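Here are my notes on this one, set down as numbered points. Have the model open next to you as you read.

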Amino acid sequence: MSYISDMRRYIGHAPMLCVGATVAVLNDNKILLNLRSDTHTWGIPGGAAELGETLEDTAARELKEETNLLANSFILLNVFSGGNFYFKYPNGDELYSVIALYLANGVTGNLKINDGESLELKYFSRDELPKLESRAKVLIDYLCEKRYIL
């Protein structure tokens, strides 16, 4: 069971603070997105940190769990927080995320969904982005602004 699941037993659906990592995997000026099974919107692979885990460890674990990919290294691009990172899940759980956005380097492996969190994995260019989950939209806007995605 995860730390978030453990905490939900005590606080129910009430808003909580969640720290996590998100990983931008770029290939030929396209970004890898996952179609989320909970909201049916597209997001960037990532998730919540577990107790005692570094954010870089979180990035590596989530990348492997959600995409079957490995990265040789990660570059921290920015840390995001605040009102734009409030999210209410379909089950009623509310949270405010603090998200470390990493860029994956030296990515290897074959794309494969390893958990029940995604329905599909696909690379998108800037001009073909699908309907994004609200937090992912802010992160992708940042990546476009900083010219990681042209």
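1. One cut-off before we start: a residue is called buried under 20% relative accessible area, exposed over 50%, and partly exposed in between. By that yardstick D28 is exposed, because its relative accessible area is 71%. Keep in mind that this is a predicted model.

2. D28 deserves a second look for its backbone too. Its phi is near 50°, a positive value in a residue other than glycine. Most residues other than glycine have a negative phi. As for where D28 lies, the loop between β2 (26–27) and β3 (30–36) holds it.

3. There is another case of this kind. R147 has a phi near 70°, again positive in a residue other than glycine. R147 belongs to the segment after α3, and it counts as exposed because its relative accessibility is 58%.

4. Now the overall fold. I count three helices and nine strands in the protein, and along the sequence they come in the order α-β-β-β-β-β-α-β-β-β-β-α. How compact is the protein for its length? Its radius of gyration is 15 Å, close to the 15 Å that the globule rule gives for 150 residues, so the protein is as compact as a globular protein of that length. Along the principal axes, the C-alpha atoms fill a box of roughly 45 × 25 × 25 Å.

5. A few whole-protein figures to go with that. Of the 150 residues, 41% are buried. Take the contacts between residues at least 6 apart in sequence: 71% of them join residues at least 24 apart. The exposed surface comes to about 7,800 Å², with carbon and sulfur atoms supplying 50% of it.

6. Strand β1 (residues 16–24) is a good place to zoom in. Seven of its nine residues are buried, so "mostly covered" is a fair label under the 20% cut-off. Which strands does β1 pair with? One is β8 (residues 94–108), which runs parallel to β1 and is joined to it by nine bridges. Another is β5 (residues 46–48), antiparallel to β1, with three bridges. If you want specific pairs to click on, A24 stands opposite L103 in β8, while T22 has G46 as its bridge partner in β5.

7. Staying with β8, have a look at V98, which lies in that strand. V98 is partly exposed, because its relative accessible area is 22%. Leaving aside neighbours within four places in sequence, V98 is in contact with L17, C18, V19 and G20, and also with V79, F80 and S81. For a distance check, V98 and T58 are 40 residues apart along the chain, and their C-alpha atoms are separated by 13 Å.

8. On the cysteines: how many disulfides does a search of the whole structure find? Zero. A disulfide is a covalent bond between the sulfur atoms of two cysteines. C18 is buried, because its relative accessible area is 10%. C144 is buried as well, at 8% relative accessibility.

9. Over in helix α2 (residues 55–67), look at T67. Is T67 buried or exposed? Its relative accessible area is 0%, so it counts as buried. The side chain of T67 reaches the backbone oxygen of L63 at 2.5 Å. Setting aside neighbours within four places in sequence, T67 has contacts with L32, P45, E62, N110, L111, K112, N114 and L121.

10. Last stop is S125, in the loop between β9 (118–124) and α3 (134–145). Although it sits in a loop, S125 counts as buried, because its relative accessibility is 14%. What does the side chain of S125 make a polar contact with? The side chain of D127, at 2.5 Å. Not counting residues up to four places away in sequence, S125 touches N29 and K30.

Conventions:
Residues are numbered from 1 along each chain as its sequence is written. This is a predicted model: local features need pLDDT of at least 70, side-chain atom pairs count only at pLDDT 80 or more; totals for chains, interfaces and linings use all residues. Side-chain values use heavy atoms; hydrogens and water are left out. A disulfide is a pair of cysteine sulfur atoms within 2.5 Å. Buried means under 20% relative accessible area, exposed over 50%, partly exposed in between (1.4 Å probe, protein chains only). Helices (H or I, at least four residues) and strands (E, at least two) are DSSP runs, numbered from the N terminus. Two strands pair if DSSP finds at least two bridges between them. The radius of gyration is taken over C-alpha atoms; the globule rule is 2.2 Å times the number of residues to the power 0.38. Contact means heavy atoms within 4.5 Å. Accessible areas come from the Shrake-Rupley method with a 1.4 Å probe; for residues, only the protein chains shown count as cover. A polar contact is a pair of N or O atoms within 3.5 Å; within protein, one must be able to donate a hydrogen and the other to accept it, and residues adjacent in sequence count only if both atoms are side-chain atoms.
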